[in-house]
Amino acid sequence: MSSETSSNPSGSESVPAGKPERLYRVAFDLPDETAVWAHASSERLWTGKTSVQMEVQVRNTPFYVKGIAFGDIVRVRADHERREFVFEEFVSEAGHSTVRVIIKDDDARDMIDAMLRSFECSWEIDTTGYLWAIDVPPHVDYASMRVTLLRVAGEGKIGIEEGALAMAHRDGLGLPESDR
């Protein structure tokens, strides 16, 4: 297996018409327990520049990194030995949440696909087809979406992980403020 994983961008915001945004890959080193499960020491996410030097905006949804969601601003550093930009610290959230689903029953695919479309979420599916990284935009009623996900998980058809919950989504669940 590879020692890294890379995700594709799910979209971009505020890019002038006719001029594609230049994206940069940033390495997010994974903790050992995640690295073993992911068969990767780091996950590379697409990012776009911001007006602040060495701060970038995440442009896709992570499969493994916790605490990061689409649109978040993060600080990076240049790692000259690795010849790449590496995540240094979280700066601010964009209001999106990251939820991951593992498909345990193939019959759940169409149901989850339809549910995500109804909530106007976007998602990426890994090469196995079983791990889905879901972007939950700020306008989504995540409390309602979560009820559906938990019901399907309770039936043993999927596993779920809330990789990063935005403040508004946490508030909608009545959860206390915490780290993302």
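Two strands are taken as paired when DSSP finds at least two bridges between them. The exercises below apply this to a predicted model.

**Exercise 1. Determine how β6 is connected to its neighbours β5 and β2, and in which directions these strands run.**

Step 1. Between β5 and β6 there are seven bridges, and these two strands run antiparallel; one of the bridges can be followed at residue level, since Asp79 has Glu84 as its partner in β6.

Step 2. The connection between β5 and β6 is a hairpin with four residues between the strands, and in its turn Arg83 has a positive phi of about 60°.

Step 3. Strand β2 (residues 23–29) is joined to β6 (residues 84–92) by two bridges, and here the strands run parallel; Ala27 is found opposite Val86 of β6.

Step 4. Two bridges satisfy the cut-off of at least two, and the pairing of β2 with β6 can therefore be accepted alongside that of β5 with β6.

**Exercise 2. Establish the strand order of the sheet that contains β7, and identify which strands stand at its edges.**

Step 1. Four strands make up this open sheet, in the order β8-β9-β7-β10, with antiparallel pairing.

Step 2. The edge positions belong to β8 (122–125) and β10 (158–164), each of which has a single partner strand, so that one side of each lacks a neighbour in the sheet.

Step 3. Averaged over neighbouring strands and ignoring direction, the turn of one strand against the next is 20°.

Step 4. For the pair β7 (residues 97–103) and β10, six bridges are found between the antiparallel strands, and Arg100 has Glu161 of β10 as its bridge partner.

Step 5. Helix α3 packs on this sheet by touching β7, β9 and β10, and its direction makes about 145° with that of β10.

Step 6. Helix α2 lies across β7, β8, β9 (131–136) and β10, and runs at about 15° to β9.

**Exercise 3. Decide how α2 and α3 are oriented towards each other, and work out which classes of residue make their contact.**

Step 1. The helices α2 (residues 108–118) and α3 (residues 142–154) pack at an angle of about 175°, and their axes are 11 Å apart.

Step 2. Angles over 145 degrees count as roughly antiparallel, and α2 and α3 are therefore placed in that category.

Step 3. On the α2 side the contact is made by Met111, Ile112, Met115 and Leu116, while α3 contributes Met145, Thr148, Leu149 and Val152.

Step 4. Sorted by class, the contact of α2 with α3 comprises seven nonpolar residues and one polar residue, with no charged residues.

**Exercise 4. Classify Arg117 and Asp72 as buried or exposed, and state what the side chain of each one reaches.**

Step 1. Arg117 belongs to helix α2; its relative accessible area is 55%, and because exposed means over 50%, Arg117 is exposed.

Step 2. The side chain of Arg117 makes a polar contact with that of Asp113, at 2.7 Å.

Step 3. Asp72 is located in the loop between β4 (55–58) and β5 (73–79); its relative accessibility is 0%, so Asp72 counts as buried.

Step 4. From this loop, the side chain of Asp72 reaches the backbone nitrogen of Ala94 at 3.0 Å.

Step 5. For the protein as a whole, 43% of the 180 residues count as buried.

Technical notes
Residues numbered from 1 in each chain as written. Predicted model: local features only at pLDDT ≥ 70, side-chain atom pairs only at ≥ 80, totals over all residues. Heavy atoms only, no water. Axes fitted to C-alpha atoms, helices over the stretch in contact; angles between N-to-C directions. Parallel < 35°, antiparallel > 145°, perpendicular 65-115°, else oblique. Contact = heavy atoms within 4.5 Å. Nonpolar A, V, L, I, M, F, W, Y, C, P; charged D, E, K, R; others polar. Buried < 20%, exposed > 50% of the residue type's maximum accessible area, 1.4 Å probe, protein only. Polar contact = N/O pair within 3.5 Å; in protein donor to acceptor, adjacent residues only side chain to side chain.
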